[in-house]
Amino acid sequence: MIELLVTSFPFVLRVWYLRWKGMPITLYNVHYALVLWIFMALAVFFAVFYYYPKSFTGIVPFKTVPVVAENGGTVTEVFVEGGDHVKVGDPLFTTESAMEKAKVEHASRKIDEIKSSIKTAHLEVETADAALDAAKTGLKQAEMTLADHEELKLKNSAAFQRGRHERAISQRDTSVADVKAAKAKLEAAKVQAHSTLPSQLASAKATLEQAEIELKKTKVYSLVDGVVEQVTLHVGARAAQAAMAPAMVIIPDRTKREGSRVVAGFSQVSRTELYEGMAAEIACESNFNIAMYHTVLPARITRIQESISSGQMAPTGRLMEPGERAKRGQVVAHLDLVYPEHQKFLVPGSGCVVQTYTTDLKDDMAGGVTAHVISALGVIKAVGLRVKAWLGLAIGIGLAGSTH
């Protein structure tokens, strides 16, 4: 409509001329002006819509964090309500933990038992060491006795008695066996005290740690700073473990960069004219108001998604049919507000109209005149955006008979 008004001056001038001359205003008398008007309107339409891409699919994106219980169980306490702001580490709810507490208690007692066994094992090492010393002393005494009998035998002394000599040999052999047994017992006691029981203690501590982790899982904490929404839990309910049915949803606080971000989809034809740094204006439905106060916000394109979503291929049991993807995807552009203070006017999830403005036309287009003319036509799109905001306001309040 605005384009038709802007290009209507040949027709208007012709009508004024005819009236000034007193000539009748007929279709024949104005047909040249009318044809010129049509051609100029078509040229303006083409230039404006080509060089100034517009998107009606802009959105203010935001993230959500579904909260689920790591261990399913009966809810025993809920600490938050919808709308509460939480920080990292704040408790959200707890589930039944009797079994987990029993496992922690059992693991703790097992550790105490093994520690007592280690003390006993160290005493057994000392006892085995003393027994080894006694066995060595007995062996030494037996060897001395046997040596005396051997000496008497060599001297053919009348005091030599064969029975005593044989008993001395037997005693020596018994003492040797006692020493070997004492050494084996000492080694076994050392293995028990310094290897087996410490390994069991480490395993028991790991079991206790695992039991404590399982106990901690019965109390769910917030992992992000944000606002709690859609709390579906109550005491006595069963806490689900599936993300498809979360107990509640947390909307994380947006960072300064995320808070001024708008994502919009443009026609694939517009890809040739879109570029990073391109000027734009954003009009979000949640900001429409009668005074047009902060309804239209300046922005710039910061990133253009390289891939178009409709071309995604996922592994399935059948080959892809291109005809099934007849609906063409959009070129996705990310825009940031020029002024950070406007961030507070962006409502997360709001739908927006995004109007871009080209500023990189080459001056070699017909000596630069054409480039300046096309640049000046951006005013038409700016006015049109504001008119659409007014129309959107009328439709939104039901003035047009619908709220959509």
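Q: Let's start with a cysteine. Is Cys 284 buried or exposed, and why does it count that way?
A: First, a caution: this is a predicted model. The general idea is to look at relative accessible area, where buried means under 20% and exposed means over 50%. Cys 284 comes out at 1% relative accessibility, so it counts as buried.

Q: How many disulfides are there, and which residues does a disulfide join?
A: A disulfide is a covalent bond between the sulfur atoms of two cysteines. Here the count comes to 1 disulfide. Cys 284 is joined to Cys 352, with an S to S distance of 2.0 Å. The two partners sit in distant parts of the chain, 68 residues apart: Cys 284 is in strand β11 and Cys 352 in strand β14. Cys 352 is also buried, because its relative accessibility is 3%.

Q: What is the handedness of the disulfide between Cys 284 and Cys 352, and why?
A: Check the torsion about the S-S bond. For Cys 284 and Cys 352 that torsion is about 90°, so the disulfide is right-handed.

Q: Moving on to the interior, which residues have the most contacts inside the largest nonpolar core?
A: To read a core, look for buried nonpolar residues joined through side-chain atoms. The largest one here has 22 residues, and those with the most contacts inside it are Leu 274, Ile 282, Ile 301, Leu 335, Leu 346 and Val 354. Strands β10 (261-266), β11 (279-284), β12 (296-304), β13 (331-337) and β14 (351-357) each supply at least two residues of this core. There is also a second, separate core of 21 residues, and Ala 107, Ile 118, Val 179 and Leu 197 are among them.

Q: Which residues does Leu 346 touch, leaving out those up to four places away in sequence?
A: With those sequence neighbours set aside, Leu 346 touches Val 60, Arg 254, Gly 259, Ser 260, Arg 261, Val 262, Cys 284, Leu 297 and Leu 337. Notice Cys 284 in that list; that's the disulfide partner of Cys 352.

Q: Where is Thr 358, and what does it touch?
A: Thr 358 is in the loop between β14 and α7 (369-376). Don't let the word "loop" decide burial for you; check the area. Thr 358 has a relative accessible area of 4%, so it is buried. Not counting residues up to four places away in sequence, its contacts are Tyr 51, Tyr 52, Glu 273, Tyr 275 and Met 278.

Q: Now the backbone: what is the phi of Gln 230, and what is that of His 294?
A: Most residues other than glycine have a negative phi. Gln 230 has a positive phi, near 50°, and isn't a glycine. His 294, also not a glycine, has a positive phi of about 55°. Gln 230 is in the loop between β7 (226-229) and β8 (238-239), while His 294 is in the loop between β11 and β12. Gln 230 counts as exposed because its relative accessibility is 60%.

Q: And on the surface, which residues make a nonpolar patch?
A: For a patch, look for nonpolar side chains with over 30% relative accessible area. Val 35, Ile 38, Phe 39 and Leu 42 make one of about 400 Å². Val 35 belongs to helix α3 (residues 27-51). With a relative accessible area of 41%, Val 35 is partly exposed.

Q: Which helix holds Ile 213, and how far is its C-alpha from that of Val 78?
A: Ile 213 is in helix α5 (residues 162-216) and, at 40% relative accessibility, counts as partly exposed. Sequence separation and distance in space are read separately: Ile 213 and Val 78 are 135 residues apart along the chain, with 20 Å between their C-alpha atoms.

Key:
Residues numbered from 1 in each chain as written. Predicted model: local features only at pLDDT ≥ 70, side-chain atom pairs only at ≥ 80, totals over all residues. Heavy atoms only, no water. Patch = residues over 30% accessible without salt bridge, like charges linked within 9 Å, V, L, I, M, F, W, Y side chains within 5 Å. Areas by Shrake-Rupley, 256 points an atom, 1.4 Å probe, with all protein chains shown as cover. Salt bridge = Lys/Arg side-chain N within 4 Å of Asp/Glu carboxyl O. Helix = DSSP H or I, 4+ residues; strand = E, 2+ residues; numbered from the N terminus. Buried < 20%, exposed > 50% of the residue type's maximum accessible area, 1.4 Å probe, protein only. Core = buried A, V, L, I, M, F, W, Y, C linked by side-chain atoms within 4.5 Å. Contact = heavy atoms within 4.5 Å. Disulfide = S-S within 2.5 Å.
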